[in-house]
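Here's a walk through a two-chain model, helix by helix and strand by strand. Have the sequence and the coordinates open as you read.

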Amino acid sequence: MTPGGGMTPGGGMTPGGGMTPGGGMTPGALTEGRTLLRRLNRREYTNTVRDLLGATNVPQDSLPVDWVSKGFGLDTSADEIRLGPDDPDRLHDVAAAIVKTALDSGGAGYLTCTPGSATDRATCTRQILTGFLRKAFRRPATPDELTRFTTVAAGITDWKNGIAVAMKIALLSPQFLFQVVDDSAAAAANQAQHRLSDYELASRMSYGLWSSMPDETLLGLAERKELSKPGVLAAQIDRMLKDGAKTRTGIASALPGQWLGYNLLDQVEKNATMFKQFPALRGAMKDETNALFENVLKENLPVDELLTADYSFVTASLATFYGLPAPGGSAAARVALNPMGQPQRRGLLTHGSFLAAHSESEPEQIRTPIVRGEYVAGKLACQAPPAPGVADLALAEKFKADPNLTLRQNLDNLGKIGGSCAACHSLFAPYGLALENYDVSGKWRTADDKNRPIVAAGVMPGTGKPIESAVQLAGLLAEDTKLESCLAGYLASFVLGRNVAPKDQALLDEIVQRRSAMGKLKSTELVVDLLSSDAFLANAIGRR
Amino acid sequence: MKRSWQIPRRTFLKGTGVSIGLPLLNAMIPVKARAASPQRMLFLWHPNGVPRGGPDTVLPQLDRVKDYMTVVRSMTHAYHDGPPGVNGANHCGFESMYTGVMTGHTPAGYARTIDQILAHEAPGLKGKMLDLAVIPELGPALKDSSQIMCNALSWRGPNDPVIPMSSPADFFKKIFQGVTPGAAADPAAEQIERLRLTEKRTVLAGVSQEVKSLKGKLGAEDRVKLDEYLTGVEGLDKQVTAILGKTQIIGSCKAPAAQAGNDYVAKLEALQSLVVKAFECDIARVISLMHAPAAAFGPSFGAKYVPGFTGSQGWHPASHDNDAMHTLVVQWHYKKVEEMMLQMKNGTENLLESTLVSWGTGISKGLSHAMGGIHNVLIGKGGGAFKTGQNIASNNAPLVNLWATVLDGFGLKGRSFGKGGTGIIPGILT
């Protein structure tokens, strides 16, 4: 818990990796509780030009890279995602192509006049750019800005080309490329924090939940200065979460994938001869977990339903892979999980996405239960095991797994090599072993490669409760409020665009405790409480 | 020393008003005057170390250019990036390889890398396009370590990596803008390109103004980010202005067609050719090319493209567990370097005469991530400053001594570099 370095989520294996205080890309310590000037990441840029100008097929490789390394490692991390020296050129060409396409195909609704007898060129240009800049900058342009943009446009011989040049400047302006928060007045008044304007709030909400620009409803409420009113704010959040199409390209696909580490599933491969079905299932697996997340948000369901859902959203081929009756049609559909008999799956812990993302490519590798166990401990139980020490790693270097023993036996032996290994393994190994009923591609199995029966039983770290199976473990994890705390941390970091500061953590703990005391914490409540908090509605003033 | 024969290419082109390829221009420079004056430096890097049998298991792959090689053997890498004995901490082995300092595995711990020092300080290298770093495929996130540090070889200084380009199309665009491929002296195309670039300048001027008008409103932390952007915008404006200042924009150097190809091998080959072309057209004088990200985790490395590779684990796990497969992969990459060196040798000009290439890896053996017994292959005569066709036993010289030697060869004798250096390695310089 270090200022600038932020709270450490999940934890990890690599000593010296990433969590160094002040290791960020911005020189000097960052002001606690402050979101830096935040560039639109690739997803946000792509969604924004879609909503602004109807752009499709934006070349992702030409957009700035979203490097993230520290803390929660989310691609919304404002102090990390930057612009390199080559990015202006690439962004210029992307913007030029987007504007050309939009103007060639009718102007995306912005060409509300043409210069002629009724309207002179200057008036028409001003009218068009007023409308466009309000959307592009997510607030009305200032009189100075309008003068600058109309002057540039007037300097181009061809009228329409003048509009195009002004639009390109707008798409390359920091007012478009960044989520600008103007805290100059609050800083001048020596205040500790800047209360977001209604327009700034609209952007923070829409980028937080939709990864895109505010829609007309949000802009209208901001214009009337109504958005920050508590009742209005809560109603808007509810509306935004119910918009599945928007959350699907926003928080519902971006957050769970990064939280649970399956966003990189496309790069995960398995032994090609043994797991032939896997490559074709990657997309359906990711969509399955995203869809569960979207559903929990949309229906305002208890957060722990992520772990206990007795239904899922699967394509016919994924259903078959799971041994479920296949739904008709080619799209994914909601199906009940094992309506009869002993359930094999419940919730995301048993989704192919999570299981395959945290497994080795070859079967029966000791690293599979270790990595899976670490993920469950760190990301779902919110109790990351400490990283192994230098001495422990040296011992582990010498350890060789015995192919004649089961994974469980080998893992036990690894724990016995000395040092602090045994004590530490008990913090995550039981989780990994409880998932052994799923092979490295996520397929259900009851015996290992050598046909020895899988034993999933163990003792739950922390509570000491007996674990019987993965499904029962999901229930045990859901009973606790650790999942809520874990998710709240990632959610806060995602929507705030920064790591969770100690003060934020206290807020999150308060939300989880207060809401849980009244019953199960529901998704909308969590989002509303977070987005109504000081952390979200204000930004600490940084060094001037 | 003033060298009156060094006519800037642009001045020359302006004076004659004709399109002319650089090789011809180079031919105009007296060969004697160029001797002992290295003109280009290329850094090539691969991850995972060499096979357990040492460098001799892979060096024969470079046989066809061995006359141009100096193999510097058994150096030690005193400043790697993690506590001694900890595997995993030094996966990004080039962190200290090219900085000569212990980075502590944080961006703030970096120093300016050797390639950047050369590009900014070496007399024969200055004034050309900077920050050219390429990698055919970026690595997936290494758990809890930094993506930047495992993917960026070249650093301008602490917290300031050169983000490498992985798309051949983008790299092509960067180096060849203004030398659009096409027939020389096509007035219509010339006019269109001029209009496009003029308009681009208008846009960039507008953008600069927008950045500046926002800057005053922001705090110091945010201004850093805006400044980065402004630097990029202004740099681009300079480039465009310079191109517009030319008498002729199109066809002044025969650029290859924009490179397509999406698989790893196609991208590596495309980037290799473009690097060679960038040298030939004298657009850049220092470039770094990483064959793969540090560690090269993930099965897409090795398994996919190396004939005979069995198993699906990928290069990095193989470097630990499967030396036979690791050997195959490293040999494959050595062969690719040989191909590239032959391209440099057999082009319109024998670039191996004027260039120095460094091909190496940050650890010696992948198995143990060992920091002793490191070798580096120097290829090319560097304008006559570097000896070739030899093996040098460095007797455990610190790796930083190699870079001190290179700096010396490039006219920066005595320029300090990194920590722990004890001088230059004898026998390398002429």
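Let's start at the end of a helix: N300(A), which follows helix 13 of chain A, has a positive phi, near 50°. Helices here are DSSP runs of H or I with at least four residues, strands are runs of E with at least two, and both are numbered from the N terminus. This is a predicted model, in which local features need pLDDT of at least 70 and side-chain atom pairs count only at pLDDT 80 or more, while totals for chains, interfaces and linings use all residues. Residues are numbered from 1 along each chain as its sequence is written, and chains are lettered from A and ligands numbered from 1 in the order in which they are written.

**Chain A**

How far can you trust chain A? Its pLDDT (the predictor's confidence in each residue, from 0 to 100) averages 89, with 93% of the residues at 70 or above. The weak spot is residues 1–28 of chain A, where pLDDT stays under 50. The model still gives that stretch 85 contacts beyond four places in sequence; a contact means two C-beta atoms, placed from the backbone, within 7 Å. Where pLDDT is low, the predicted coordinates should not be read in detail.

Back to helix 13 of chain A, which covers residues 278–298. Its 21 residues should span 30 Å at 1.5 Å a residue, and the end C-alpha atoms are indeed 30 Å apart, so the two agree. The expected span is 1.5 Å times one less than the number of residues. Helix 13 of chain A is also mostly covered, with 16 of its 21 residues buried. Buried means 20 or more other C-beta atoms within 10 Å of a residue's own, exposed means 12 or fewer, and partly exposed is in between, with C-beta atoms placed from the backbone.

Helix 9 of chain A (residues 216–223) buries L218(A), L219(A), L221(A) and A222(A). Looking down the axis of helix 9 of chain A, these buried residues fall within an arc of 165°, so they line one face of the helix. The arc is that of the directions from the helix axis to the C-beta atoms. Their cover includes helix 8 (198–210) and helix 10 (230–242) of chain A. Just after helix 9 of chain A comes K225(A), with a positive phi of about 55°.

Helix 10 of chain A is home to L241(A). L241(A) counts as buried because it has 24 C-beta neighbours inside 10 Å. Apart from neighbours within four places in sequence, its contacts are L209(A), T247(A), L297(A), K298(A), T524(A) and V527(A). S203(A) is 38 residues away from L241(A) along the chain, and their C-alpha atoms are 15 Å apart.

**Chain B**

Chain B has 14 helices and 9 strands, and 52% of its 430 residues are buried. Of its contacts between residues at least 6 apart in sequence, 70% join residues at least 24 apart.

Which strands make up the open sheet? There are 7 of them, in the order 3-6-1-7-8-2-9, and the pairing is mixed. Strand 3 (132–134) and strand 9 of chain B are at the edges with a single partner strand each, so one side of each has no neighbour in the sheet. The twist averages 15° from one strand to the next; axes are lines fitted to C-alpha atoms, and angles run from 0 to 180 degrees between N-to-C directions.

Some of the pairings are laid out below; strands count as paired if DSSP finds at least two bridges between them.

| Strands of chain B | Sense | Bridges |
|---|---|---|
| Strand 1 (residues 40–45) and strand 7 | parallel | 6 bridges |
| Strand 7 and strand 8 | antiparallel | 4 bridges |
| Strand 2 (residues 69–75) and strand 8 (residues 374–379) | antiparallel | 5 bridges |
| Strand 2 and strand 9 (residues 390–393) | parallel | 4 bridges |

Within these pairs, F43(B) stands opposite S358(B) in strand 7 of chain B. V377(B) in strand 8 of chain B stands opposite W359(B) and also opposite V71(B). V72(B) has I392(B) in strand 9 of chain B as its bridge partner.

Strand 7 of chain B (residues 355–360) has 6 of its 6 residues buried. Both faces are covered, with T355(B), V357(B) and W359(B) on one side and L356(B), S358(B) and G360(B) on the other.

Finally, is G235(B), in helix 9 (residues 220–244) of chain B, buried or partly exposed? With 17 C-beta neighbours inside 10 Å, G235(B) counts as partly exposed. Its C-alpha atom is 25 Å from that of L138(B), 97 residues away along the chain.
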